[in-house]
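Welcome, and please have your viewer ready with the selection tool at hand. We will go from stop to stop, picking residues and looking at what surrounds them.

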Amino acid sequence: MIYIKTAEEIEKMRVAADLVSRTLGEVAKWVRPGETTLKLDTIAREFILDNGGRPSCLGYQGFPGTLCIEVNDTVVHGFPSNYTLREGDIVGTDCVVDINGYHGDMCYTFAVGEISEEAALLLKITEESLYKGIEAAKAGKRIGDISNAVQTYCERAGYSVVREMCGHGIGRSMHEDPEVPNYGRRGIGPVLKPGMCICIEPMINMGSKNIVITSDGWQCKTRDHKLSAHFEHTVLITENDPEILTTFRYIEESLGK
Ligand code: MF3
Ligand code: CO
């Protein structure tokens, strides 16, 4: 069942999306060689709690962090740990907050210090593919139009699209209908309607699309151990162009971009 949000609910979605955006803006200040991923997690958790929110992932089906930490070959759902970030790493931080009963969800993959040209290109193309997906998210179009836009853009650049993990609807729950795959045919799937809120989140691999899940049942890595990148926004479907509720503006300010 896909919920259409009321004007009042949309205001609450904006608040949640703003809080998660500002949270990753704080995290961005700490992404550098020598910091642990646990430090990033602590920064996020404290910022969310200080601002009246709740970290949605923490404790969700036993997940141990506020952030999902995605270093290098980790695709999604990595645990914060005492791993110390190194020059040349890429690290995704995926964060969901709940404030006043509504969720905001966002992910950004950072470069740690100087990274290789090929890693930088993977980040660039993956982020751009997110915006290609968003451009396709117009009322009257279908989920498959988003999926196809992301897939086409990434595969043309020579990358592969993870199949097992998808974007999703969002609202009172962190995961609502519909599923939003990053691959698929145009013109298939549910029709997009004004008032729907969805998360679009390409997970894009430098090598093959195949993944493995570690024995803890959570942490998802590329099977060939090549790099994977992940960007995500929470998006509102409107009568006109889609409205991106989350923003990378705070991150970019922190990074001096
Ligand atoms: N941000 C993730 C998503 O987009 C949230 C899942 S994290 C979990 O679906 F640990 F809570 F599962
Ligand atoms: Co998500």
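What follows is a short walk through charged and polar side chains in a predicted model.

**Stop 1: the salt bridges**

How many salt bridges does the structure hold? There are 10 of them, and we will call at a few. Begin by selecting Glu176 and Lys5, which form a salt bridge with their closest N and O atoms 3.0 Å apart. Glu176 belongs to strand β8 (residues 176-180) while Lys5 sits in the segment before α1, so this pair ties together parts that are 171 residues apart in sequence. Try a surface view here too: Glu176 is buried, and Lys5 is buried as well.

**Stop 2: Glu35 and Arg32**

Next, pick Glu35 together with Arg32. These two form a salt bridge, and 2.8 Å separates the closest N and O atoms. Is each partner buried or partly exposed? Glu35 has a relative accessible area of 14% and is buried, whereas Arg32, with 37%, is partly exposed.

**Stop 3: along helix α3**

Now move to helix α3 and select Lys124 and Glu128. Both residues lie in this helix, four residues apart, which is about one turn of the helix. Their salt bridge has its closest N and O atoms 3.1 Å apart. Lys124 is partly exposed, at 46% relative accessibility, and Glu128 is also partly exposed, with a relative accessible area of 26%. Before leaving the salt bridges, select Glu11, Arg14 and Glu243: salt bridges that share partners join these three into one network.

Stay with α3 for one more residue, Glu127, which lies in that helix. Glu127 has 16% relative accessibility and counts as buried, because the cut-off for buried is under 20%. If you would like a distance to check in your viewer, draw one from the C-alpha atom of Glu127 to that of Ala16: the two are 111 residues apart along the chain and separated by 22 Å.

**Stop 4: a buried aspartate**

Select Asp105, in strand β5 (residues 102-111). Which side chain of opposite charge is nearest to Asp105? That is Lys5, the residue from our opening stop, and it is 12 Å away. Asp105 is buried yet has no salt bridge. Now add His168 to the selection: the side chains of Asp105 and His168 make a polar contact at 3.0 Å.

**Stop 5: a serine in helix α1**

Go on to Ser21, which is found in helix α1 (residues 7-28). With a relative accessible area of 0%, Ser21 is buried. What does the side chain of Ser21 reach? Show the backbone atoms of Ala17 and you will find its oxygen, 2.7 Å from the Ser21 side chain.

**Stop 6: a positive patch on the surface**

For the last stop, switch to a surface display and select Lys138, Lys141, Arg156 and Arg186. Together, these residues form a positive surface patch. Then center the view on Lys138, one of the four residues. Where does Lys138 sit? Its place is in the loop between α3 (117-135) and α4 (143-156). Lys138 is partly exposed, with a relative accessible area of 32%. Patch members need over 30% relative accessible area and no salt bridge, so Lys138 at 32% passes the area cut-off.

Definitions and conventions:
Residues are numbered from 1 along each chain as its sequence is written. Chains are lettered from A and ligands numbered from 1 in the order in which they are written. This is a predicted model: local features need pLDDT of at least 70, side-chain atom pairs count only at pLDDT 80 or more; totals for chains, interfaces and linings use all residues. Side-chain values use heavy atoms; hydrogens and water are left out. Patches are made of residues with over 30% relative accessible area and no salt bridge: like charges are joined within 9 Å, nonpolar side chains (Val, Leu, Ile, Met, Phe, Trp, Tyr) within 5 Å. Accessible areas come from the Shrake-Rupley method with a 1.4 Å probe; for residues, only the protein chains shown count as cover. Lys and Arg count as positive and Asp and Glu as negative; His and the chain ends are not counted. The place of a charge is taken as NZ of Lys, CZ of Arg, CG of Asp or CD of Glu. Helices (H or I, at least four residues) and strands (E, at least two) are DSSP runs, numbered from the N terminus. Buried means under 20% relative accessible area, exposed over 50%, partly exposed in between (1.4 Å probe, protein chains only). A polar contact is a pair of N or O atoms within 3.5 Å; within protein, one must be able to donate a hydrogen and the other to accept it, and residues adjacent in sequence count only if both atoms are side-chain atoms.
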